[in-house]
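Dear colleague,

Please find below the structure that I am handing over to you, together with the notes that I made while going through it. I would be glad if you could read them with the model open beside you.

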Amino acid sequence: MKNIFSLFYKNLFLTNRLFAALACSAVLFVFAFFFPWLGVIPELAFWTLVLLFLADVTMLYRNPKGIFARRHAPERLSNGDDNELGIYIENMYSFNISAGIIDEIPFQFQKRDVWFKMELKPGQHRLINYLLRPTKRGEYEFGDIRVYVRSPLALVRRRYNFSQVETLAVYPSFLQMRKYELMAISNRLTEVGIKKIRRLGHSLEFEQVKNYVAGDDYRTINWKATARHGDLMTNLYTDEKSQHVYCVIDKSRSMKMPFDGLSLLDYAINASLVLSNVALLKEDKAGIITVAEKIGAIVPADRRPVQLNRILEVLYKEKTRYLETNMELLYSTIRNVLRQRSLVVFFTNFESMSALERQLPFLKRISRFHLLLVVFFENTELKKLSEQPAEDVEGIYIKTIAEKFAYDKKLIVKELARHGIQSILSSPQNLTINTINRYLEIKAKQRI
């Protein structure tokens, strides 16, 4: 009996309407003291309010399961993307209700406004959809769903607690990966900024003999097949396949810098996942190497169906470290792991020429044996500062320093090009598109 009373007490809440009615009743009692002609009206009003209160409580507690609610969530969340979640709610009362719903989302989101209001008729059900955007990989724990129900009398609220505790893993941006995958399959990559690259020369990968159509290169005409069929026939070539594409991800402290909630490491991981998927769709072999002061994970290049899942699981666990990158160890690892000429996409960050000069000797050694593509980040915050007009001496000083750092980034690109090393200087938001563009350009020009 005590437990029942405790449960009743903890889940019953008085509304503002009830407090207002009690205040009016108290005012009537005060007036009755000065105006005796009011008689028993204050008492009648008070006891009427008590009866309505008891009736409201009875309506809400007569049905022990007046409300049903559950959360609809995906098996995992995509980092840096808007993930859709839903709450299903059903009214099992025999009267209209007003409901307020709280979903206890993980603390990592730092949101306190996941509160939904709605009106439900008897037997009616609804699905509420909302979006969450995680900015860190890892495990996110969701709590209970709490529903506050109010009857048409609106004097009290009953709270329902639905145990919906679950832990969802936040993986690298697989939603972004799927978007580019569908576009790659349907050849619609140009819709999101992927450039069409003019093909230079011919690939050595023969695919088939087909009928000549206007626009085909006359140098590909197969004269023997033409003589046999009596119509012009041409050889069709395709991109070379089974080339090795390695994404090397720097996990050192230079990749800890945040932009729009995500660290540079997370942008690099998301871009690596998309690039690996596109490479596999192009029938190349994709692999991953992570490095900081020591070598992290190594996924040898392969194109089996399980390769993408292996890469996804490895990238899910990677975290930023707080020491410098050991480039000598990275060079020796690449020499031992990569047994043939490969495209090595190195995701890192340089803020100054001195930072590049420490790593340049090892980058030059790697570029002797492989096609090296260095991908580093444009500091968008400094770029905004350099574009703002200066209004005082301090503003001139800040603008000058910002322009100096922005100029250093351009010098880094020129210095890498001077040593025959390709590079991409990209804002974090455009990293994925710029990386895929360069990969497709390299494929079209057959540089691997």
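A residue is called exposed here when its relative accessible area is over 50%, buried when that area is under 20%, and partly exposed in between. Because the relative accessible area of D260 is 53%, D260 counts as exposed. Please keep in mind throughout that this is a predicted model.

D260 is also a good place to begin with the charged pairs, since its side chain meets that of R133 in a salt bridge, at 3.6 Å from N to O. This pair links distant parts of the chain, with D260 in the loop between β15 (258-259) and β16 (262-263) and R133 in the loop between β7 and β8 (138-142), 127 residues apart. R133, at 30% relative accessibility, is partly exposed.

A search of the whole structure finds 18 salt bridges, and two others deserve a description. In one of them E166 pairs with R71, the closest N and O atoms being 3.1 Å apart; E166 belongs to strand β11 (residues 166-171) and R71 to strand β2, so the pair ties together parts that are 95 residues apart in sequence. R71 counts as buried, at 6% relative accessibility, whereas E166 is partly exposed, with a relative accessible area of 25%. Both residues belong to a network of salt bridges that links R71, D103 and E166. In the other, the side chains of R321 and E293 meet at 2.7 Å, N to O, and the two residues are 28 residues apart, R321 in the loop between α7 (307-316) and α8 (327-337) and E293 in the loop between β17 and β18. R321 is partly exposed, its relative accessible area being 32%.

Turning to the sheets, six strands form an open sheet with mixed pairing, in the order β18-β17-β14-β19-β20-β21. Its edge strands are β18 (295-302) and β21 (422-426), each of which pairs on one side only, and the twist from one strand to the next averages 15°. Strand β20 (residues 371-377) pairs with β21 in the parallel sense over five bridges, and within β21 it is S423 that serves as the bridge partner of V374.

Two helices should be considered together with this sheet. Helix α6 (residues 264-281) packs on the sheet and touches β14 (244-250), β17 (285-291), β18, β19 (343-347) and β20, its direction making about 175° with that of β14. Helix α11 (residues 393-418) lies across β20 and β21 and runs at about 180° to β20.

There is also an open sheet of three strands, in the order β2-β4-β7, with antiparallel pairing. At its edges stand β2 (67-72) and β7 (125-132), each with a single partner strand, so one side of each is left without a neighbour in the sheet; the twist here averages 15° from one strand to the next. Strand β4 (residues 83-91) pairs with β7 in the antiparallel sense over eight bridges, and the bridge partner of E90 in β7 is H125.

Finally, on the surface there is a nonpolar patch formed by V27, V30, F31, F33, F34, F35 and W37, which together have about 830 Å² of accessible area. One of these residues, F31, has its place in helix α2 (residues 16-34) and is partly exposed, with a relative accessible area of 41%.

With kind regards

How values were computed
Residues numbered from 1 in each chain as written. Predicted model: local features only at pLDDT ≥ 70, side-chain atom pairs only at ≥ 80, totals over all residues. Heavy atoms only, no water. Pairing = 2+ DSSP bridges. Helix = DSSP H or I, 4+ residues; strand = E, 2+ residues; numbered from the N terminus. Axes fitted to C-alpha atoms, helices over the stretch in contact; angles between N-to-C directions. Contact = heavy atoms within 4.5 Å. Patch = residues over 30% accessible without salt bridge, like charges linked within 9 Å, V, L, I, M, F, W, Y side chains within 5 Å. Areas by Shrake-Rupley, 256 points an atom, 1.4 Å probe, with all protein chains shown as cover. Salt bridge = Lys/Arg side-chain N within 4 Å of Asp/Glu carboxyl O. Buried < 20%, exposed > 50% of the residue type's maximum accessible area, 1.4 Å probe, protein only.
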